[in-house]
Each structure stands twice: as structure tokens, then as C-alpha cells.
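Colleague: I should like to understand the terms used for this model. May I ask how each of them is justified?

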Amino acid sequence: MSRLEQLQQGLDSAGQAHVLRFWSELSEEQQEVFLQDLVLLDLQNLKEHCEAARRAAAAPPSRSLDRDMEPVPPDIIGSVKRSDPQSLSRWEDEGLLQISKNRVAVLLLAGGQGTRLGVPYPKGMFDVGLPSHKTLYQIQAQRIHKVQELAEERHGSRCTVPWYIMTSEFTLSPTQTFFRQNRYFGLKPSDIIMFEQRMLPAVTCEGRVILEGKGKIAMAPDGNGGLYQALVDHQVLEDMQQRGVEYVHVYCVDNILVKMADPLFIGFCVSRGADCGAKVVEKAHPAEAVGVVCRVRGVPQVVEYSEIQPETASLRGPEGELVYSAGNICNHFFSRTFLQEVAEKFKDQLKQHVAIKKVPYVDSAGNQLKPAKANGIKMEKFVFDVFPFSRNFVVFEVIRKDEFAPLKNADGAASDTPTSVRTALMDQHRRWLCAAGASLLDGDGNVIGPETSESSHPVICEVSPLVSYFGEGLELLLKGKTLQTPFVLDENTSKVLKSQKSSGENWNI
């Protein structure tokens, strides 16, 4: 039996014979490409995938989980704002110790495209318009450089934080090329491990695979929860074990303020003996469209805002705080042993989430169409759906303006735009400079304060991650300095300032 006959038989069994309806209209080259794509399909599970999508489309909305919810208990929560300084210092040192022993890796979820952002390339390659014109990938790479340096300085041993990057079919090749063209931003190529998550067919509400072209199925990544299958597919856990990695910091590409391998977060989780942890920010208001980290029937879970009734979301405690305030920001800690357990026992138990999308398609006559309304179902899993399997789950609350500014939309949208994330980063850097004892001047010579409103006219200043990871070390360079904005503190400026300090000069910049 030929490959084509085997595929025809498999598609017939799955109720998807229409996939080959335009076969005779394809050139030999197009047929060969389509065959190669079809061979990669999981035909054994295709029928169930399509049936699950059809059932999901027909299912009534999820019932509210309010009756089963309770906030996470205070004894599993650490907080930048509420924990005492001694604990914060101890956790940070523990995190730096683990990094210095090569036990920590970072894992980037970068499978999505920049569709809402309006660009035809991966979001990590985006330049948000900083004075330096650094992309998200470059900023993150330089934070890895710096945290390694901090761990080496604290504990006296050279170390490496390997960077695992999960891409998709859409983002793998351009990401590889971008890193190669930028010489891996100074990191060792062998310490950057890219791997690809699986793709799943988009399906109509009737359970039929959507053809994007006459010889192409509409495919979509299987969600960031596809991480656990991808770890198995590409032997990533084996690579971690060989490197001696014990703890993994997982995050999404779009957060410009992410602290790579955050020593404070790592140290808190390790000190508590956690196998799984979530960073959270306090919800801005009850109706904010973020998931909430809480307990459902006694186990940790992220509950989507759409699954909570407004009256429950608005509940407040004795001091006026939101009862369900722990906003999920897709920033997680996992022990490698927990990831291994998920891969071996639990990955197939993860809930399938339904996303109704506009999916370009060809009609029965072969015309390519872009739908005016949602016409397809994309099934995906979420990375945080493993929380219920944890034996020792912890939560770490951080300050939003310091650690969370996601890039999702093009300028002109209400939030999460290049302008908003650029402003958030420069606002953070302005606070660092003022806290270090520098005086910032605007174009008219007026002093800019540390808490000046930046909404309409942000102060243009930028601190390279190679100079400071999170504001540390700036006082030695800048105390007593007067800095004219726009101001960029990069490695060259840092060298000039250090030379001035050593020579006793006190020039203004």
C-alpha cells in the first residue's frame, strides 16, 4: 500500500476524507509537500481530536466555580511587599547559591506568533522603541548574563543558566536565524536549546478539519501546556539532568519586565521545598481579565476570570483587600523531578481548552476566504494546569510595576502595547536611578522625581541589563550625579562613571 493510500485510509477512518478533495488539482511538488505534512498528523487520534472539538463547541458555558473556590492560604505565600527584609535577603542568597551551582535553568514559552501585535515574525524579535532598540530576546539574554555574573560574584564560582526556548512550527526557523545573526547575544550557542511544540489541526464546529489551502491543513500550536509533551518529544528533561539542572523558571516571551532566573523567587521556592510555584501580582480591580491563583476543592488551580461570578470577584477582606487578588502572570517555578513526573504520569490528563478563532479556509469550490466571524476551534492546553498535581505548591507575590508589563497588542489598543511596555521599563529605570541618589533633569532643566507620572510624557532613560539586573550596583556609580535626559546607562557609560569614581572626578553626565 502506498503512502497516499495509507493516508486516505486513515483520513477515512477519522471521518476526514475531505482533506484530500483537491489532491488532483495539486502539482507533483505540492502533492509531495502535502504528503509530508499529512504524515506528521496523528491519524490514530485525529478522530477523537475532531470529536472533542465538536463536543466543546456544542457544550454549554462552564459553570461558575465560586462554590468550590477558596483563596490560597497565607502560609504558602511569600511576598516582596509583606515578607520581612531578613527573609527576602535569605531567599535571594539561596537563589544565587543554586544558580552558582548550575542547578537553575530558564525556559521560555515562545510558540505564539505576533498576530495581535501586527507583525509577521516572533514576538521576541520585536523592538519596542527603547533608545537602545534592543529586542525582547536581547533584553532577556542580557539578564541571563547579569544574573550569572551576580551569582559568580556572590559565591565565587563560574556558572551557567541554560536557556530552553520552546517554539512552534511558525517561530522555530525565524528564531534560530535571529539568534544566529545576533551571535546568540554573547551567550554560548550550546547553552541555548530550542525545541518545537506540537501542532494540532483547527476544526470547524461540526468537527471537520479546516483546509487553509488546497494542499494545506490549518494548524495551530497546542497551547503553552504543550510544553510537557514537547519535553518528552525532544528529550529536554534528559538534557537538563545531564547538565545538573534541578530547578526551572518558566515564563512567557512577552513580559518586558521578567526577571530571568529570579534569585528571590527561586530561593523562596527552594527554601520551602516546593515542587511547583507561581508568581502573582495583585489584581488591579475585580473585573481585570486575568486568571486567579486559588484553591478549587482543596487543590491549587488557576481559575479564569470568566469562570468567576462578579460578586465573588468583588469580595473583599477585613482591610479592604480583594479576597481573590492573586493574578496569574504565567511566571512559574518547577523542580525538574516534578516536570519528570508530569511528563511520565500526568501530561495526558491536562484539560483541553477551547479557543474559537477566525481561521482562513478554502471553500468547497477551492476559493480562499478570510472569515468575517469566528469559524474554527483551536484546542490548547495551559502550562499552569499541572498545579493540581503538585505535592508542595507555593505562591510568590511581586509588585506589578516592577515585574509585569506584557506586550500583546499593537499601538492604538487600550493596553499591553509597545508604548505601554516601553514606558513601564523606562519608568522602572527612572526609579532605579533616583533610588541610587542621582538627579534626573528634563529638557528644561527641571528635576524629575522618582514617582513622576509618566503616562503621557515618559522620561526617556534606560539601564542596560548588563549594568544592573534589578537596580543593584547603581548607587556606587550614580550617587550625587546629575543626569540629563534622555539618558542611557550602558556598559560604556558605566566604564566612564567607574573611571571618574576612581580618579575622584565628579562630572555631571
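Modeller: The discussion below takes a few residues in turn and sets their values against the definitions; the model is a predicted one.

Colleague: What makes the pair R54 and E51 a salt bridge?

Modeller: The cut-off is 4 Å between a side-chain nitrogen of Lys or Arg and a carboxyl oxygen of Asp or Glu. The N to O value for R54 and E51 is 3.0 Å, so the pair meets the definition.

Colleague: Where do R54 and E51 lie with respect to each other?

Modeller: Both belong to helix 3 (residues 43-58), and because they are three residues apart, about one helical turn separates them.

Colleague: Why is R54 called partly exposed?

Modeller: Buried means under 20% relative accessible area and exposed means over 50%, with partly exposed in between. R54 has 31% relative accessibility and therefore counts as partly exposed. E51, at 30%, counts as partly exposed too.

Colleague: How do you know that E246 and R336 form a salt bridge?

Modeller: The closest N and O atoms of E246 and R336 are 3.3 Å apart, and the limit is 4 Å. E246 is in the loop between helix 8 and strand 10 (247-252), whereas R336 is in helix 11 (residues 336-346), so the pair ties together parts that are 90 residues apart in sequence.

Colleague: Why are E246 and R336 given unlike labels for accessibility, the one partly exposed and the other buried?

Modeller: E246 has 30% relative accessibility, which lies between the two cut-offs, and so counts as partly exposed. R336 has 10%, which is under 20%, and therefore counts as buried.

Colleague: What makes D427 and R431 a salt bridge, and where are they?

Modeller: Their closest N and O atoms are 3.0 Å apart, to be set against the limit of 4 Å. Both residues lie in helix 13 (residues 418-435), four residues apart, or about one turn of the helix. D427 and R431 are both buried. Elsewhere, K259, D262, K279 and E403 are joined into one network by salt bridges that share partners. The search of the whole structure finds 29 salt bridges.

Colleague: What is notable about phi in N102?

Modeller: Phi of N102 is near 60°, a positive value in a residue other than glycine. N102 is placed in the loop between helix 4 (85-100) and strand 3 (104-109). Its relative accessibility is 26%, so N102 counts as partly exposed.

Colleague: What is phi in Q235, and where does Q235 lie?

Modeller: Q235 has a positive phi, near 55°, and is a residue other than glycine. Q235 lies in the loop between helix 7 (227-233) and helix 8 (236-243). At 46% relative accessibility, Q235 is under the 50% mark for exposed and therefore counts as partly exposed.

Colleague: Why is the peptide bond from T485 to P486 called cis?

Modeller: Omega of that bond is near 0°. P486 is found in the loop between strand 23 (482-484) and strand 24 (487-489), and T485 is found in that loop as well.

Colleague: Is T485 buried or exposed, and which residues does T485 touch?

Modeller: T485 has a relative accessible area of 12%, under the 20% cut-off, and so is buried. Leaving out residues up to four places away in sequence, T485 touches L440, L441, D442, I448, V459 and I460. The T485 side chain also reaches the backbone oxygen of L441 at 2.6 Å, where the limit for a polar contact is 3.5 Å.

Definitions and conventions. Residues numbered from 1 in each chain as written. Predicted model: local features only at pLDDT ≥ 70, side-chain atom pairs only at ≥ 80, totals over all residues. Heavy atoms only, no water. Helix = DSSP H or I, 4+ residues; strand = E, 2+ residues; numbered from the N terminus. Buried < 20%, exposed > 50% of the residue type's maximum accessible area, 1.4 Å probe, protein only. Polar contact = N/O pair within 3.5 Å; in protein donor to acceptor, adjacent residues only side chain to side chain. Contact = heavy atoms within 4.5 Å.
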